[in-house]
Amino acid sequence: MTGTETISSAAFRFACGRFATGVTVVTAQDGTGQRWGLTVNSFSSVSLDPPLVLFSIDLGANSYAAITTADQFAINVLSAEQQPISDRFSFVKDEDRFKGIPLIAGEVGEPPLLEGCLCTIICDRENTVPGGDHTIMIGRVRRIVVTEDKAAQPLLYYAGCYAGLKV
Ligand SMILES: Cc1cc2nc3c(=O)[nH]c(=O)nc-3n(C[C@H](O)[C@H](O)[C@H](O)COP(=O)(O)O)c2cc1C
């Protein structure tokens with residue numbers, strides 16, 4: 001099958017699900033100080049020099065306006081223990097998703113940084129690129145916080161389910 005017109009959304013989603021990913025929570029803060037965050041697995045590194053990363057955000061996301069216009073956003077890479085945080089930032093609606101979630105201190109003006117992550121990548125918004133029903137956000141990395149726990153394991157996502165590393 002080669003013609004894209006013959007590929008159903010379900011088949012495309014099924015195929016894309018066969019690409020295992022990590023799980024992140026992207027956070028940002030708007031001009032009023034309100035915190036925003038959503039679970040994202042479309043994260044990818046783009047360029048080493050300059051250091052660039054990307055993720056894509058659904059045009060219909062509640063956080064769309066805040067995340068796509070914030071000067072900075074943070075990619076919080078979740079550890080295996082943080083599945084409840086992934087659930088919270090994807091399923092909880094109409095409630096402050098940050099309530100009860102421990103944060104680490106950031107520098108002035110930085111987005112919320114979640115505690116206990118494998119790493120957090122703080123970015124300046126570099127560019128936004130249309131991508132169908134999503135917008136591709138490109139960020140220039142300004143600061144990185146990496147866990148010192150060498151035994152920490154990643155939270156993975158595969159075929160619509162959470163997974164873990166088997167090593
Ligand atoms: C594992 C996982 C990965 C996800 N990846 C993305 C993503 O890359 N981009 C996106 O826009 N939504 C993604 N979502 C869906 C959003 O997290 C979800 O729709 C969330 O409720 C959006 O929040 P908002 O509507 O408050 O902005 C993902 C959900 C899960 C569970």
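**Sheet pairing, ligand shell and the setting of leucine 52**

In the predicted model, three strands form an open sheet in the order E1-E11-E12, and their pairing is antiparallel. Strand E1 (21-22) and strand E12 (161-163) stand at the edges of this sheet, and because each has a single partner strand, one side of each is left without a neighbour in the sheet. The antiparallel connection between E1 and strand E11 (residues 156-158) consists of two bridges, and threonine 21 has tyrosine 157 of E11 as its bridge partner.

The ligand is surrounded by 16 residues, of which Ser42, Asp58, Ala61, Asn62 and Ser63 are the closest. At least two residues of this shell are supplied by each of strand E3 (35-40), strand E5 (52-58) and helix H3 (83-91), with E5 providing the largest share, namely four residues. When the shell around the ligand is divided by class, seven residues are nonpolar, eight are polar and one is charged.

Strand E5 also contains leucine 52, which is partly exposed because 17 other C-beta atoms lie within 10 Å, a count below the 20 or more required for a buried residue and above the 12 or fewer that define an exposed one. When neighbours within four places in sequence are left aside, the contacts of leucine 52 are Val46, Ser47, Glu126, Ile138, Gly139 and Arg140. Leucine 156 lies 104 residues from leucine 52 along the chain, and the C-alpha atoms of the two are separated by 22 Å.

Notes. Residues numbered from 1 in each chain as written. Predicted model: local features only at pLDDT ≥ 70, side-chain atom pairs only at ≥ 80, totals over all residues. Near = placed C-beta within 6 Å. Nonpolar A, V, L, I, M, F, W, Y, C, P; charged D, E, K, R; others polar. Pairing = 2+ DSSP bridges. Contact = placed C-beta atoms within 7 Å.
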